[in-house]
Amino acid sequence: MKLAEALQERADLARRIDALKSRLSHNAIVQEGEAPAEEPSALLAEFDACTARMEELLTRINLTNCKTVVLGQSLTALLARRDALTVKLGGYRSLVNEASMTARRATRSEIKILSTVNVAELQKTVDRLAKELRQLDNAIQAANWTTDLL
């Protein structure tokens with residue numbers, strides 16, 4: 001199995017586990033004399049099986065990420081870099097959006113709003129970070145489809 005396939009299965013399991021939690025909740029209590037729509041013990045057995053499989057996949061994915069080297073670093077390090085870049089890019093984009101807003105004045109006596117940062121320079125930084133993030137994500141995705149799961 002390739003790493004990317006394991007990641008897809010992990011995502012499917014996460015959705016399935018969420019659905020099972022909801023189904024368990026809906027079948028946890030019934031009115032006296034009524035039967036639940038689904039048998040809670042069967043749902044719990046499926047829930048336990050899914051969480052066990054999730055644990056196994058997460059262990060193997062994490063081990064694979066630690067031992068796989070791409071661009072001179074482990075996939076774990078690249079994933080951390082991608083997460084940090086995503087947060088950084090979001091912050092810069094937010095700042096650019098706020099600083100780009102201009103307030104129109106109807107009269108000269110109204111308060112004038114000015115940007116405290118160089119929007120053009122910040123936009124260049126946003127563009128550079130977006131490109132770096134895109135290239136990094138492409139390298140990670142390529143590795144995911146070529147790396148065998150440990």
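Where is L71 found? In this predicted model, L71 sits in the loop between β1 and β2. The backbone there does something a little unusual: L71 is not a glycine, yet its phi is positive, at about 55 degrees. For context, most residues other than glycine have a negative phi. The side of the story told by accessibility is simple enough, since L71 has 65% relative accessibility and therefore counts as exposed.

Stepping back to the whole chain, the protein has four helices and two strands. Read from the N terminus, the elements go α-α-β-β-α-α. The radius of gyration is 25 Å, whereas the globule rule gives 15 Å for 150 residues, so the protein is more spread out than a compact globule. The C-alpha trace tells us about the proportions too, spanning about 75 × 50 × 15 Å along the principal axes. Buried residues account for 25% of the 150 residues. As for the surface, the accessible area comes to about 10400 Å², and carbon and sulfur atoms contribute 54% of that.

Contacts across the sequence are worth a look as well. Among contacts with a separation of 6 or more, 74% join residues that are 24 or more positions apart. On the charge side, there are 21 positive and 20 negative side chains. The centres of these two sets lie 15 Å apart.

Now for the helices. With 28 residues, α2 reaches 40 Å from its first C-alpha to its last, close to the 40 Å expected at 1.5 Å a residue. Its buried residues are L43, F47, C50, M54, L57, I61, T64 and N65. These buried residues of α2 pack against α1, β2 and α3.

One of those partners, α3, covers residues 75-100 and has 26 residues. From first C-alpha to last, α3 reaches 36 Å, close to the 38 Å expected at 1.5 Å a residue. On α3, the buried positions are L75, L78, L85, L89, V96 and A99. Their cover includes the helices α1 (3-26), α2 (40-67) and α4 (119-146). Strands join in too, with β1 (69-70) and β2 (73-74) also included in what covers the buried residues of α3. Taken together, β2 turns up in the packing of the buried residues of α2 and also in the cover of those of α3. Between β1 and β2 lies the loop that holds L71, and L71 itself counts as exposed.

Methods
Residues are numbered from 1 along each chain as its sequence is written. This is a predicted model: local features need pLDDT of at least 70, side-chain atom pairs count only at pLDDT 80 or more; totals for chains, interfaces and linings use all residues. Side-chain values use heavy atoms; hydrogens and water are left out. The expected span of a helix is 1.5 Å times one less than its number of residues. Buried means under 20% relative accessible area, exposed over 50%, partly exposed in between (1.4 Å probe, protein chains only). Contact means heavy atoms within 4.5 Å. The radius of gyration is taken over C-alpha atoms; the globule rule is 2.2 Å times the number of residues to the power 0.38. Accessible areas come from the Shrake-Rupley method with a 1.4 Å probe; for residues, only the protein chains shown count as cover. Lys and Arg count as positive and Asp and Glu as negative; His and the chain ends are not counted. The place of a charge is taken as NZ of Lys, CZ of Arg, CG of Asp or CD of Glu.
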